Amino acid sequence: MAEETIFSKIIRKEIPANIVYQDELVTAFRDISPQAPTHILIIPNKIIPTVNDVTSEDEVTLGRLFTVAAKLAEQEGIAQDGYRLIVNCNKHGGQEVYHLHMHLVGGEPLGKMLAK
Ligand code: 5GP
């Protein structure tokens with residue numbers, strides 16, 4: 001059984017978060033430490049710790065992350081100029097919270113893809 005993180009409490013609304021979208025599969029909320037004018041995290045309601053734990057059963061849920069990202073980008077007014085979707089995995093990827101999440105980042109030019 002995968003361990004809960006703070007994100008499970010956000011999904012269940014047990015701790016405050018600025019939730020911008022929620023349905024039966026995914027929840028989206030503003031990042032507590034935004035790295036750009038728009039910085040939203042889109043997460044599966046089900047606990048999937050990392051991309052390494054994804055199975056074929058998750059394909060519908062993970063597809064939903066993209067359709068919600070596109071909808072939110074439109075709502076945020078950043079769709080035309082563009083944005084970046086990021087999923088970090090494990091230590092080298094810089095993952096801090098072990099509940100798979102997609103970052104939707106935009107609202108300004110984001111520069112080079114990798115800063116080392
Ligand atoms: P990671 O580095 O794992 O890809 O990203 C984790 C993200 O979660 C970070 O951008 C961090 O700011 C955000 N985060 C961590 N804890 C919380 C929290 O309690 N609330 C919200 N809204 N964001 C959080």
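**Exercise 1. Polar contacts of the ligand**

Find how far a backbone N or O atom of Ile 32 lies from a nitrogen atom of the ligand in this predicted model.

*Solution.*
Step 1. Start at the backbone of Ile 32. One of its N or O atoms lies 3.2 Å from a ligand nitrogen atom. The cut-off for a polar contact is 3.5 Å, so this pair counts.
Step 2. Go to Asp 31. Here a polar side-chain atom is 2.5 Å from a ligand oxygen atom.
Step 3. Add Glu 96. A polar atom of its backbone lies 2.6 Å from an oxygen atom of the ligand.
Step 4. Check the cover. On its own, the ligand has 520 Å² of accessible area, and the protein covers 85% of that.

**Exercise 2. The shell around the ligand**

Work out which elements give two or more residues to the shell around the ligand.

*Solution.*
Step 1. List the elements. They are helix 1 (6-11) and strand 2 (26-30).
Step 2. Rank them. Helix 1 gives the most, with three residues.
Step 3. Count the shell. The ligand is surrounded by 16 residues, and the closest are Asp 31, Asn 88, Glu 96, His 101 and His 103.
Step 4. Sort by character. Seven shell residues are nonpolar, six are polar and three are charged.

**Exercise 3. A nonpolar patch**

Place Val 87 in the fold and say whether it is buried, partly exposed or exposed.

*Solution.*
Step 1. Locate Val 87. It sits in the loop between strand 4 (83-86) and helix 3 (90-93).
Step 2. Read its exposure. Val 87 has a relative accessible area of 37%, so it is partly exposed.
Step 3. Find its partners. Val 87 joins Val 51 and Val 54 in a nonpolar surface patch of about 190 Å².

Key: Residues are numbered from 1 along each chain as its sequence is written. This is a predicted model: local features need pLDDT of at least 70, side-chain atom pairs count only at pLDDT 80 or more; totals for chains, interfaces and linings use all residues. Side-chain values use heavy atoms; hydrogens and water are left out. Patches are made of residues with over 30% relative accessible area and no salt bridge: like charges are joined within 9 Å, nonpolar side chains (Val, Leu, Ile, Met, Phe, Trp, Tyr) within 5 Å. Accessible areas come from the Shrake-Rupley method with a 1.4 Å probe; for residues, only the protein chains shown count as cover. A salt bridge is a side-chain nitrogen of Lys or Arg within 4 Å of a carboxyl oxygen of Asp or Glu. Helices (H or I, at least four residues) and strands (E, at least two) are DSSP runs, numbered from the N terminus. Buried means under 20% relative accessible area, exposed over 50%, partly exposed in between (1.4 Å probe, protein chains only). A residue is near a molecule or strand if one of its heavy atoms lies within 4 Å of it. A polar contact is a pair of N or O atoms within 3.5 Å; within protein, one must be able to donate a hydrogen and the other to accept it, and residues adjacent in sequence count only if both atoms are side-chain atoms. Ala, Val, Leu, Ile, Met, Phe, Trp, Tyr, Cys and Pro count as nonpolar, Asp, Glu, Lys and Arg as charged, and the others, Gly among them, as polar.
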